[in-house]
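Please follow the chain in the viewer while reading, since the paragraphs below move from one element to the next and are best checked against the coordinates.

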Amino acid sequence: MCAIVGVFGTSDSARISYYSLFAMQHRGQEASGISVSDGHILTKVKKKGLVTEVFTETALSHLQGHCAIGHNRYSTAGKKSTVDAQPIHASYKLGEIAVVHNGNLINKDEVRNALIEEGAIFQSTMDTENIIHLIARSHQEHLRDRIIEAMNIIKGAYCLLIQSRHKMFAIRDKYGVRPLSLGKLPDGGYIVASETCAFDLVGAEFIRDIQPGEMIIFDNEKEHYESVQLFEPEPRICAFEFIYFARPDSVIEGRSVYAARKEMGRALARESAIDADLVIPVPDSGVSAALGYAEESHIPFEMGIVRNHYVGRTFIEPTQAKRDMKVKLKLSPISALLKDKKIVVVDDSIVRGTTARRIIKILKDAGAKEVHMRIAAPPIKHPEKYGIDTPSYEELISANKNVEEVRTYIKADSLHFLSIDALKKSIGENREYSLVSFDGDYFIK
Ligand code: AMP
C-alpha cells in the first residue's frame, strides 16, 4: 500500500515530511525515505526500518531545503531489500530527479523488458524505476512533457511525486485507486499526502483531493500551483482503504473513514442480527465496525480482548507457525468478562483466516459459551493487484472455501460477511469503487 508525502515552499520541508510519514506509518513499515531539494542539489536519506528509526536528528539535519518528497514502503511488487527503499534518484540530461510511488503498475514487466531491450540498466526490482527510465529517455525538451509522455506509457493504480531541483509534480492515475490529498501549510507552503491524518499532525489545512488523472505542478518561480488534467477521470477509489488501510481519522474523497467503518458495522448488524450478550472488536482493526454493530443491535460493547502494542503486524510474518504465535503474543482475553457469554466478535476482514481462528480459540478458552464472527467486509476471493499485498488464490481462504466451510475452519458458532451492496452503501453510494478483492473485476486493462 505505501504512503507518500510531498512538501513544497517551506524551509522545514524534511521535518514536515518526517512527521507526515510518522502519521502514515500504518501504510508501510518496511522502509522509509525522504529526498530534499534546496534548489541546487537533491539530498536523500532512505533505509529499512520504521520512520523513527530511519530519521535520527543527525539524518534530519542533513535534509535541508524548500521541497521534500517522502515514502513509507510496504512491499507489494519488488523484493524486500534496502535497494528497494524510495525515493529513487537519478541524474539525467536535464539534471537530478527523485521519484516516490504508491500503487502498482500493471504493465511493468512489459515496459521494463522493452527498456532493457533498448539498453537500460536496472538497479532494483521496483516498478518505480520504469518511470525514471521513461523520463530520462524521452526526447521532450521539458521535464513536464517528459513526465506526460511517461504517463502515457505506464498503466496501473498509482500516486506519484516527482521532484526536480525547482519543481515538484504530484500525479494520480485516472481511476484514483489510491487516495492523494492536497493541503496548505500554516506558513503558506503546500503538502500532498496519501492520507489527511498527516495534515492534522503538521497543522495543514485540507484544500482538496487531487483528481483522478490530474497532475499538479509546484514551481519555485510561481506563487500558485498549476493543475493539468492528463486523463479523463474514471474514478474507482479502493474500497479496502475504507475497510482496512486508512487510519480512522483520515477523510478520503469527502468521507470520514471512521464514519464509514461504523456504518459498515451497523449494516452488518442489520444483515446478521443475533441475540448475544456482548459485542467485542478484534483490536484495533475491528473497533470502529464493532461500535457500529453494538449501536445498531443495542448489544453492549466491551473491549473483551486486550492488545499488546509492542508486537508488529501478524500479516507480515512469513510462516503460518510464526503467524499463529504472533497472534497469541498480540491478543489476550479478559476472562471475567467473557465467561459463559454469547459473544459477537467483529473484525474488518478475513484474509487467510489465521486471526479469526486464533481469536475464536482464545475466546472459547476464556470460557465464552458461543462466538459469532461478524466481518465488516465481503469475502476476499481474489488477489488485489493495485497496490495491496493480499496473497495468491491458494492462500486466500474465501477463494477456496464457501462461508460455511470458513465457519467450520475458524470454529465459529456462526459467521457473516458484509454484502458488497451494504459495503458500497456504507462508504457512499454515489460513486464507483475498486472492489477487485471481492468481485474479481480487474478493470485496469
Ligand atoms: P488473516 O489472519 O490472514 O485472515 O488476516 C486478517 C487480519 O489481517 C485482519 O485482522 C485484518 O485487519 C488484517 N489485514 C487485512 N488485510 C491486510 C493487509 N493487506 N495487510 C495487513 N493486514 C491485513
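Helix α13, residues 354–365, lies across the strands β17, β20 and β21, and its direction makes an angle of about 155 degrees with β21. In this predicted model, helix α10, which spans residues 287–297, also lies across β17, β20 and β21, in this case running at about 165 degrees to β17.

The strands beneath this description belong to an open sheet of four, ordered β17-β20-β21-β22 and paired in parallel. Its edges are formed by β17 (278–281) and β22 (414–417), each of which pairs on one side only, and from one strand to the next the twist averages 20 degrees. Where β17 meets β20 (residues 342–347), the two strands run parallel and are joined by four bridges; within this stretch, V279 stands opposite V344 of β20.

Following the chain onward from β17 leads to the loop between β17 and α10, where D284 has its place. The peptide bond that joins P283 to D284 is cis, with omega about -10 degrees. A second cis peptide bond links Q86 and P87, with omega about 5 degrees, and P87 lies in the loop that connects β4 (67–73) and β5 (88–92). Another backbone feature is found at E253, a residue other than glycine whose phi is positive, near 50 degrees; E253 sits in the loop between β15 (251–252) and β16 (255–256). As background to these features, most residues other than glycine have a negative phi, and most peptide bonds are trans.

At the level of the whole chain, the domain assignment gives domain 1 as 3–235 and domain 2 as 256–439, and the C-alpha centres of domain 1 and domain 2 lie 34 Å apart.

A helix pair completes the tour: the axes of α5 (residues 128–137) and α6 (residues 143–151) come within 8 Å and cross at roughly 125 degrees. Because of that angle, α5 counts as oblique to α6, and the crossing in which α5 passes α6 is right-handed. On the α5 side the contact is made by I131, L134, I135 and A136, while α6 contributes L143, R146, I147, A150 and M151. Sorted by character, the residues of this contact between α5 and α6 comprise eight nonpolar, no polar and one charged.

Key. Residues numbered from 1 in each chain as written. Predicted model: local features only at pLDDT ≥ 70, side-chain atom pairs only at ≥ 80, totals over all residues. Heavy atoms only, no water. Axes fitted to C-alpha atoms, helices over the stretch in contact; angles between N-to-C directions. Parallel < 35°, antiparallel > 145°, perpendicular 65-115°, else oblique. Left-handed = near helix turned anticlockwise from the far one by under 90°. Contact = heavy atoms within 4.5 Å. Nonpolar A, V, L, I, M, F, W, Y, C, P; charged D, E, K, R; others polar. Domains from an automatic or database assignment. Pairing = 2+ DSSP bridges.
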